[in-house]
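Subject: Structure for you to look at

Hello,

Here is the structure I said I would pass on. Please open it first, then read the notes below.

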Amino acid sequence: MMRDIIDLCNHILLYTDVYYEGEEVTDDVREDALNLCMKYGDDFCIGFIENYLEVSKEEYSDSL
């Protein structure tokens, strides 16, 4: 169970510019995301990333 969380966190951190800064989604980002979805399932990956970004946003807002 921990490998999936680690892989998704690494994906978000690797593509921070896309997830946090709104940069263009490249083929590399799409391919990596697709591989994660195929490995761990769409629902898990999408739900995890949405929750991760929401918590990050809340923590950032609280720190201001």
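What share of the contacts in the chain with a separation of 6 or more comes from residues 24 or more positions apart? The share is 63%, where contact means heavy atoms within 4.5 Å.

Two points on how to read the rest. This is a predicted model, in which local features need pLDDT of at least 70 and side-chain atom pairs count only at pLDDT 80 or more, while totals for chains, interfaces and linings use all residues. Residues are numbered from 1 along each chain as its sequence is written, and side-chain values use heavy atoms, with hydrogens and water left out.

The chain as a whole

The chain has four helices and zero strands, in the order α-α-α-α from the N terminus. Both kinds of element are DSSP runs numbered from the N terminus (helices: H or I, at least four residues; strands: E, at least two). Along the principal axes, the C-alpha atoms fill a box of roughly 35 × 30 × 15 Å. Of the 64 residues, 22% are buried (under 20% relative accessible area, with exposed meaning over 50% and partly exposed in between; 1.4 Å probe, protein chains only). The accessible surface is about 4900 Å², and 54% of that belongs to carbon and sulfur atoms. Such areas come from the Shrake-Rupley method with a 1.4 Å probe, and for residues only the protein chains shown count as cover.

How the helices pack

Helix α1 covers residues 2–14 and helix α4 residues 42–63; they pack at an angle of about 60°, with axes 11 Å apart. Axes are lines fitted to C-alpha atoms, for helices over the stretch in contact, and angles run from 0 to 180 degrees between N-to-C directions. The pair α1 and α4 is therefore oblique (under 35 degrees is roughly parallel, over 145 roughly antiparallel, 65 to 115 roughly perpendicular, and the rest oblique). Their crossing is right-handed: the near helix is turned clockwise from the far one by less than a right angle, and anticlockwise would be left-handed. On the α1 side the contact includes I5, L8, H11 and I12, and on the α4 side F48, I49, Y52 and L53 are among the residues met. The residues of this contact divide into 11 nonpolar, one polar and one charged (nonpolar: Ala, Val, Leu, Ile, Met, Phe, Trp, Tyr, Cys and Pro; charged: Asp, Glu, Lys and Arg; polar: the others, Gly among them).

Helix α3, residues 27–40, packs on α4 at about 125°, with axes 7 Å apart. That pair is therefore also oblique. Here L36, C37 and Y40 of α3 meet D42, F44 and C45 of α4, giving five nonpolar, no polar and one charged residue.

For α1 and α3 the angle is about 170° and the axes are 11 Å apart, so these two helices are roughly antiparallel. Their crossing is left-handed. R3, D4, D7, L8 and H11 of α1 make the contact with V29, D32, A33, L36, K39 and Y40 of α3. By class, there are five nonpolar, one polar and five charged residues.

Two residues of α1

H11 lies in α1 and counts as buried because its relative accessibility is 2%. Beyond four places in sequence, H11 touches Y19, V29, D32, A33, L36 and I49.

I12 is also in α1 and counts as buried, at 0% relative accessibility. Outside its neighbours within four places, I12 is in contact with Y19, Y20, F48, I49, Y52 and L53. The C-alpha atoms of I12 and I49 are 7.7 Å apart, although 37 residues separate them along the chain.

Regards
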